[in-house]
Amino acid sequence: MALETGGERRPYPAVRLFLLLAGLLGMDVRKDIHGVTLYGPVVGKKQGVAVLSGSFDSQKTLAILQTTPGYSSATYGNHTIHHWIEAKKAQEPNGGQRWGAFFNENTIVVSEQEAMVKSALDVLD
């Protein structure tokens, strides 16, 4: 799956996310990711959240996240929200900031906005 712009083919953002997960975590996204829900309040804006369900190694994921620039974590209700900076995206308006949380052992919530992660967790709770 690719997006074609100006004669250039680039993978859809969700495909890039899957490839990143596969590379970093040693996952086979064809088997380990069971479902993905992407949604947001505004069409065409980077104001969304990804909810991934599947088989995840939370300890390995957290070990990798903890080595990223700007890593921090905070408690939100019964969950821990993790914050990091994606260095390659530092030129973005939000400085490449990302937030994510494990809702449970089979569900991950990720967004470029902390409020979107909190909102998703509230709905899932």
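## Thr 75 and its strand

Let's start with Thr 75, which lies in strand S5. Is this residue buried or exposed? Thr 75 has a relative accessibility of 65%, so it counts as exposed. Keep in mind that you are looking at a predicted model. From Thr 75 to Ala 101 there are 26 residues in sequence, while their C-alpha atoms lie 10.0 Å apart in space.

Strand S5 has a partner, S6: the two run antiparallel and are joined by five bridges. Across this pairing, Ala 74 faces Ile 81 of S6. Together S5 and S6 form a hairpin with two residues between the strands, and there Gly 77 takes a positive phi near 60°.

## His 82, on the partner strand

Now step across to strand S6, where you will find His 82. Why does His 82 count as buried? The cut-off for buried is under 20% relative accessible area, and His 82 counts as buried because its relative accessibility is 7%.

Which side chain makes a polar contact with the side chain of His 82? That of Tyr 71 does, at 2.7 Å. Leaving aside residues up to four places away in sequence, His 82 also touches several others, including Leu 62, Leu 65, Arg 98, Trp 99 and Ala 101. You met Ala 101 a moment ago, as the residue 10.0 Å from Thr 75, C-alpha to C-alpha.

## Strand S4 and its two partners

Strand S4 covers residues 49–54. Five of its six residues are buried, so S4 is largely enclosed by the rest of the structure.

S4 pairs with S3 in the antiparallel sense, over six bridges. S4 also pairs with S8, again in the antiparallel sense, over five bridges. Val 49 is a handy residue to look for here: it stands opposite Tyr 39 in one pairing and opposite Ser 111 of S8 in the other.

## A helix with a buried face

Which residues of helix H4, residues 114–124, are buried? They are Met 116, Val 117, Ala 120 and Leu 121. Looking down the axis of H4, you would see these buried residues fall within an arc of 135°, so they line one face of the helix. On the other side of H4, Ala 115 and Val 123 are exposed.

What do the buried residues of H4 pack against? The answer is a set of strands: S3, S4, S5, S6, S7 and S8. Strands from the earlier sections, such as S4 and the hairpin strands S5 and S6, are on that list.

## Stepping back to the whole protein

How many helices and strands does the protein have? Its secondary structure comes to four helices and eight strands. Reading from the N terminus, the order is β-β-α-α-β-β-α-β-β-β-β-α.

Of the 125 residues in the protein, 28% are buried. The protein exposes about 7,800 Å², and carbon and sulfur atoms supply 55% of that area. Take the contacts between residues at least 6 apart in sequence: 34% of them join residues at least 24 apart.

## How confident is the prediction?

The mean pLDDT of the protein is 80, with 78% of its residues reaching 70 or more. Which elements mark the two ends of the range? By mean pLDDT, S5 is the highest at 96, and strand S1, residues 2–5, is the lowest at 42. Over residues 1–5, pLDDT stays under 50, and for this stretch the model has 13 contacts beyond four places in sequence.

Definitions and conventions. Residues are numbered from 1 along each chain as its sequence is written. Side-chain values use heavy atoms; hydrogens and water are left out. Buried means under 20% relative accessible area, exposed over 50%, partly exposed in between (1.4 Å probe, protein chains only). The arc is that of the directions from the helix axis to the C-beta atoms. Contact means heavy atoms within 4.5 Å. pLDDT is the predictor's confidence in each residue, from 0 to 100. Two strands pair if DSSP finds at least two bridges between them. A polar contact is a pair of N or O atoms within 3.5 Å; within protein, one must be able to donate a hydrogen and the other to accept it, and residues adjacent in sequence count only if both atoms are side-chain atoms. Accessible areas come from the Shrake-Rupley method with a 1.4 Å probe; for residues, only the protein chains shown count as cover.
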